[in-house]
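Biologist: I am new to this structure. Could you walk me through the terms as we look at it together?

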Amino acid sequence: MGYDYEQVEVPDSGSKIEVVDEDADELNVPDDPIIPVIHGDGIGTDVGPAAQTVLDAAAEATGREVNWMRVYAGESGREKYDENLPQDTLNAIDEHRVAMKGPLTTPVGAGFRSLNVALRKHFDLFANVRPTYYLDGVPSPMKAPEEMDMVTFRENTEDVYAGIEWEAGTDEVEQVREFVEEEMGFDDTMHDGPIGIGIKPITEFGSKRLVRRAIDYAIENDRDKVTLVHKGNIMKFTEGQFGDWGMEVAEEEYPDEEVFAAPDSLWEEQDEVDIPEDAVMVEERLADAMLQWMQLRTDEFDVLAMPNLNGDYLSDAAGAQIGGLGIAPGANFGKARCLAEPVHGSAPKRAGQDQANPTALILSGRLMFEYLGWDDAGQLIRDAVEKTIDEGTVTYDLARQREDATKVSTTEFAETVVENIENLS
């Protein structure tokens, strides 16, 4: 597959990542891949180039080279194409399979609910994956933040991301109200006056492929447990079925010695479940209770899998425990596709000031490198970032919380990480 690009420069050097087996999520990754990158809006213009500098250094230190292909969306898309999400950008990501982006802001009246969501849905990036782990030296509100080492798998296409809702006062919402009241018999739940109505679709297909991805990750990375998190005691036929379908995957698709589906684990204490040696345990927990268990029993959880909205809340809460979203990485995965992006937003008031913390985007790039099979480069990135922060060289957001800090700019932070990469390699 090849596209003709209107306003994108394809690198003169570098090779394309090729698909070996899309269903098996298998790629042929060269040592000099072409990778599209969107710097993003707001602080994306600062953290994007900084992250590239660090990733380039880690690639070079391990005998590889990234050939960046600059593409545009959001403000840069409007400036270059008069569009928020140009076709050139979609084509570049489609052709090269793996990409990285900074934060994007969706302007009011732009025709998109969210540019981030639009990208995820366009490429069917069904798994939003957020590893949450503590870095030495990061100020945290928790007594033992180092106990957090958890990976959340958030369904990325259904639930609230389906975007099926109707505004109060419209003819459409009144049609839905009439149907719900008169045809479906829920007339005692609709109060008089304006009402907004939304539909929360959760499918067997979407639930199972997400849980399958989470279990496979746990097996491949020697994780002990996958926890399905939902509010199934109330939303029995949406979130409850997510849990049921997820447990079916655990029970029916894996041998017993590899995956153990914990019976009635939603209500039982973890230490009462007899887990076969070396098997990944799959359990269920209620979403509201999980918010406290993440704080009270942090080290008991490994991998979480959940519907979209719960995944949003819980992954952000997990990020707070290790010091905030400024250091929280993430990536979106589909069939032989990866779009790495940080968890944080665009913070426009800090844009262009060379102040923002690039750690989240750098570590999102680490997640992308691991997807490429570059685990050695990924570990080098983590070690160098942690060394930089632990030694007190930090951007303003962390410097104001540490008495021993040396406050540096975005660029200077990235340069120090690069120096540490060179020293560690």
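**Strands, cores and a pocket**

Modeller: Let's start with one pair of residues: V226 has V303 in β13 as its bridge partner. This is a predicted model, in which local features need pLDDT of at least 70 and side-chain atom pairs count only at pLDDT 80 or more, while totals for chains, interfaces and linings use all residues. Residues are numbered from 1 along each chain as its sequence is written, and side-chain values use heavy atoms, with hydrogens and water left out.

Biologist: What makes β10 and β13 a pair of strands?

Modeller: Strands are DSSP runs (E, at least two residues; helices are H or I, at least four), numbered from the N terminus. Two of them pair if DSSP finds at least two bridges between them. Three bridges join β10 to β13 (303-306), so the requirement is met, and these strands run parallel. β10 also has six bridges to β12 (280-286), again in parallel, and there T227 stands opposite E283.

Biologist: How do you know that β10 is mostly covered?

Modeller: Buried means under 20% relative accessible area, exposed means over 50%, and partly exposed lies in between (1.4 Å probe, protein chains only). In β10, six of its six residues are buried. K225, T227 and V229 point one way, while V226, L228 and H230 point the other. In a regular strand the side chains alternate between the two faces of the sheet.

Biologist: What surrounds V226?

Modeller: Contact means heavy atoms within 4.5 Å. Leaving aside neighbours within four places in sequence, V226 touches A214, I215, A218, V280, M281, V282, E283, V303 and A305. V226 is also among the residues with the most contacts inside the largest nonpolar core, together with M100, I215, M368 and F369.

Biologist: What makes that a nonpolar core?

Modeller: The term is for a set of buried Ala, Val, Leu, Ile, Met, Phe, Trp, Tyr and Cys residues joined through side-chain atoms within 4.5 Å. The largest such set here has 90 residues. Apart from it lies another core, of 21 residues, including Y5, M69, Y81 and I93.

Biologist: Which strands make up the sheet, and in what order?

Modeller: The sheet is open, has 11 strands with mixed pairing, and runs β4-β3-β5-β15-β14-β6-β7-β13-β10-β12-β11. Why are β4 and β11 (259-261) called edge strands? Each has a single partner strand, so one side of each is left without a neighbour in the sheet. From one strand to the next, the twist averages 25°.

Biologist: And which strands does β5 pair with?

Modeller: Two bridges join β5 to β3, in parallel, with I38 and K101 as bridge partners. Three bridges join β5 to β15, also in the parallel sense, with A99 and L339 as partners. V98 and M100 point one way from β5, A99 and K101 the other, and all are buried.

Biologist: Which helix lies across β5, and at what angle?

Modeller: That is α10 (359-372), which runs at about 175° to β5. Axes are lines fitted to C-alpha atoms, for helices over the stretch in contact, and angles run from 0 to 180 degrees between N-to-C directions. α10 also lies across β3, β4, β6, β14 and β15.

Biologist: Why is D159 called buried, and D222 exposed?

Modeller: D159 has 1% relative accessibility, so it counts as buried. D222 has 69%, so it counts as exposed. D159 sits in the loop between β7 and β8, and D222 in the loop between α6 and β10. Phi is positive in each, near 60° for D159 and near 55° for D222.

Biologist: What makes something a pocket?

Modeller: On a 1 Å grid over the protein atoms alone, a cavity is a set of points where a 1.4 Å probe fits but cannot get out, whereas a pocket is an open set with protein on both sides within 12 Å along at least five of seven lines. Lining residues have an atom within 4 Å of a point. The largest pocket is lined by 33 residues, with F153, R213, Y217, E220 and N221 nearest its centre. The largest share of the lining, seven residues, comes from α6. The volume of this pocket is about 990 Å³, counted as the space filled by probe spheres set on grid points, which are joined across faces, edges and corners.
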